[in-house]
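User: Could you take a close look at one part of this protein for me? I'd like a connected walk-through rather than a list.

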Amino acid sequence: MTSTHAHDEPTAEEVHTARRGLLLYFGVVLLGSVPLLYLIISAGAPIEQQLEYILALMWTPAIASIVARVGNGEGFDDLSFRLRDREVAVRVLQAILFPFVVGAIAYGAAWGLGLAEFSAPVGTSDPLSAFAGELLFAATIGAVVGVISAAGEEIGWRGYMASRLVTAGVPAPVLTGGVLWGCWHVPAILTGQYAAGPSRVLSAILFVVVAVSVTVLWSAWTFETGSIWPAILGHSAWNAVIQGPFDTFSSGELATTWVGESGLFVVAATIVVVAVLVSDRFANRVGSKREPFP
C-alpha cells in the first residue's frame, strides 16, 4: 500500500481529498458500528458466543473504506496485498512472532511472580505439552483462520485510515489513528464484554495504550513494505496467541489485572517490544515532515 503521500508534500487537492475521505470513512464506521455494538451489548452473552455480530463489526472498517474509496473517487491503487516479496515475508514473520515475545515476557513475569497462575484446562494431563501444542496451533492454523476477521479491520484502519491521516495533515497521525482504533473497542470494554479487568475504566485506558503501541508497529510495517499483509497477519496472530493459549492457561483472582489485552504486564511488554522494533526507524524519520510518524 505504498502511497506517495507518505514521502512527498501533498498538494492542496490531495489534502482536501484525504479529509473528505476520512469524513466518509468515519461516518460509515460509526453508522455501522453503533447498531452492532448495541446488539452485542444488549445480548448480555459472552462475546465469543456472538460470532456473527463480532465478524460483522470487524468488517465494518473494511466496508467503510470501500465506501470512502468509491464515493470519494480514490480507487484502490494504494491497497496492496503483495505477499511474494522478501521484505513483506520478513515483516509477516516478525508480525506473527511479535505476540509470542510479548506473551512470554508478560505472562512469564506474572506466572513467575505468582500474580497469575499457570493452569491448564480441566482434564489436561500434561500442561506444558498442551500449552506448547496450543501455541503451535495459534501460530499456524489459528493465525490463518483469524485472517477472516482481522482483514476486515486492517483493510480499513491501516489500509485506508493510516495514510489518509498523514495526507490530511492530522497531528501525530499514527498515534491519533491508534487512539481512534482503541476507542472503537471501548464501549465493549466498559460494558464488560471484552478485555475487561476488575476496573473497566482502567481496562479501557490500558487497552487504548496497547492499541496505540501496536498501531505504531503495524503502521510502520505497512508504510515500509507497501503491503497490508504484515498488519493483517500481525493482528490475526495477536488475537490467536494472546487471547488463545496465554489467556487460556492463566487463572487467578487478579490475573486480569496483570495479563490479558488490558493487563498491566501486557501493556508494559507491548510498549517495550514495539519500542525496540521501531526505534531505529523512528529515530531516522522523526525529524522529517514527509514521514508518517509522530
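Which helix gives the most to the nonpolar patch?

Analyst: That's helix α5, residues 127–167, which puts four residues into the patch. Keep in mind that this is a predicted model. The patch covers about 460 Å² of surface, and its members are Leu 55, Phe 137, Ile 141, Val 145 and Ile 148.

Let's go along the helix, starting with Phe 137, which sits in α5 and is one of the patch residues. Its relative accessible area is 43%. Patch residues need over 30%, and Phe 137 counts as partly exposed because its 43% falls between the 20% and 50% cut-offs.

Next up is Gly 146, also in helix α5. Here the relative accessibility is 17%, so this glycine counts as buried, the cut-off for that being under 20%. Gly 146 also has a partner from elsewhere in the chain: its C-alpha atom is 4.9 Å from that of Ser 236, although 90 residues separate the two along the sequence.

Then there's Glu 154, again part of α5. You might want to look at this one on screen, because it's a glutamate with a relative accessible area of 0%, which makes it buried. What does Glu 154 touch, leaving out residues up to four places away in sequence? Its contacts are Gly 159, Trp 181, Trp 218, Ile 228, Ala 231, Ile 232 and His 235.

So, to pull α5 together: the helix carries partly exposed Phe 137, buried Gly 146 and buried Glu 154.

Conventions:
Residues are numbered from 1 along each chain as its sequence is written. This is a predicted model: local features need pLDDT of at least 70, side-chain atom pairs count only at pLDDT 80 or more; totals for chains, interfaces and linings use all residues. Side-chain values use heavy atoms; hydrogens and water are left out. Patches are made of residues with over 30% relative accessible area and no salt bridge: like charges are joined within 9 Å, nonpolar side chains (Val, Leu, Ile, Met, Phe, Trp, Tyr) within 5 Å. Accessible areas come from the Shrake-Rupley method with a 1.4 Å probe; for residues, only the protein chains shown count as cover. A salt bridge is a side-chain nitrogen of Lys or Arg within 4 Å of a carboxyl oxygen of Asp or Glu. Helices (H or I, at least four residues) and strands (E, at least two) are DSSP runs, numbered from the N terminus. Buried means under 20% relative accessible area, exposed over 50%, partly exposed in between (1.4 Å probe, protein chains only). Contact means heavy atoms within 4.5 Å.
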